[in-house]
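Student: I've got the sequence and the fold up on my screen, and I'd rather look hard at one part than skim the whole thing. Could you pick a single part and walk me through it, along with whatever surrounds it?

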Amino acid sequence: MSVAPDDTVAAQAWQGVADRRLRLRDTVSATPLSFRGQPWYLFEDGLERQQFRVRAHVAERLLALDGQARLAVALDSGDTPPPAELLSALLQLHAAGLLVDDTVQEPERVLERRIDATVRIEHQV
């Protein structure tokens, strides 16, 4: 049985994060809101001034991440990737640094992102 390309990408992305023990960074707040008559949450990071709007059913799963359980366990996904919408939100928040792994020092990660951003800006000039 062949796997669709999107399934392969999702499986690879999931393998990269399934064993991580993530939680929302302490500087992130989640505010429920209504957008086009649907329930959503706005995740805001006061430190890095980032915002992400996420559907309520996805946000509830993200808010449950406590940094203790592996993602595969916390999201009840096992070896299979969670639904695409949840995986996408998870990867976006993780890439933006709004989800942290307590085994990695948080201040060091923030500093690394700041340095990377500064280097990218300097290379563009």
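Tutor: A quick definition to get going: helices (H or I, at least four residues) and strands (E, at least two) are DSSP runs, numbered from the N terminus. Keep in mind that this is a predicted model. Let's take helix α4, and then work outwards into the core it helps build.

First, where it sits. The protein chain has five helices and five strands, and from the N terminus on they come in the order α-β-β-β-β-α-α-α-β-α. α4 itself has 12 residues and covers 16 Å from its first C-alpha to its last, close to the 16 Å expected at 1.5 Å a residue. Just after the helix, G97 takes a positive phi of about 85°.

Now look at its sides. L86, L87, A89, L90, L93 and H94 are buried in α4. They sit on the same side of the helix because they cover an arc of only 165° around the axis. The face turned away from that buried side carries A84 and A95, which are exposed. Q92 is in α4 too, and it counts as partly exposed because its relative accessibility is 43%.

So what does the buried side join? The largest nonpolar core has 26 residues, and W14, F43, L62 and L90 have the most contacts inside it. Two or more residues each come from α1 (5-17), β1 (22-24), β3 (38-45), β4 (50-55), α2 (56-63), α3 (71-74) and α4 (84-95). Of these, α4 gives the most, with five residues. As a general point, nonpolar side chains in soluble globular proteins tend to be buried together.

From Q92 you can step across to a strand: F52 is 40 residues away in sequence, yet the two C-alphas are 8.8 Å apart in space. F52 is in β4, where Q50, F52 and V54 point to one face and are buried, while Q51, R53 and R55 point to the other and are not. That's a familiar pattern, since side chains in a regular strand alternate between the two faces of the sheet.

F52 also leads you to F43. Leaving aside residues up to four places away in sequence, F43 touches L24, V28, S29, A30, Q50, Q51, F52, V54, A59, L62 and L63. So that list takes in Q50, F52 and V54, the buried side chains of β4.

Next, the strand pairing around there. β3 and β4 run antiparallel over six bridges, with D45 bridged to Q50 in β4. Their hairpin has four residues between the strands, and R49 takes a positive phi near 55° there. On the other flank, eight bridges join β3 to β2 (residues 28-35), again antiparallel, and P32 has Y41 of β3 as its bridge partner. That hairpin has two residues between its strands, and R36 in the turn has a positive phi of about 55°.

One last stop is beside that turn. The structure holds one aromatic pair, and it is edge-to-face because the rings of F35 and W40 have centres 5.8 Å apart and planes at 85°. W40 is buried, because its relative accessible area is 12%, whereas F35, at 27%, is partly exposed.

How values were computed. Residues are numbered from 1 along each chain as its sequence is written. This is a predicted model: local features need pLDDT of at least 70, side-chain atom pairs count only at pLDDT 80 or more; totals for chains, interfaces and linings use all residues. Side-chain values use heavy atoms; hydrogens and water are left out. A nonpolar core is a set of buried Ala, Val, Leu, Ile, Met, Phe, Trp, Tyr and Cys residues joined through side-chain atoms within 4.5 Å. Buried means under 20% relative accessible area, exposed over 50%, partly exposed in between (1.4 Å probe, protein chains only). Contact means heavy atoms within 4.5 Å. Two strands pair if DSSP finds at least two bridges between them. The expected span of a helix is 1.5 Å times one less than its number of residues. The arc is that of the directions from the helix axis to the C-beta atoms. Rings of Phe, Tyr and Trp (its six-membered ring) pair if their centres lie within 6.5 Å; planes under 30 degrees apart count as stacked, over 60 as edge-to-face and the rest as tilted.
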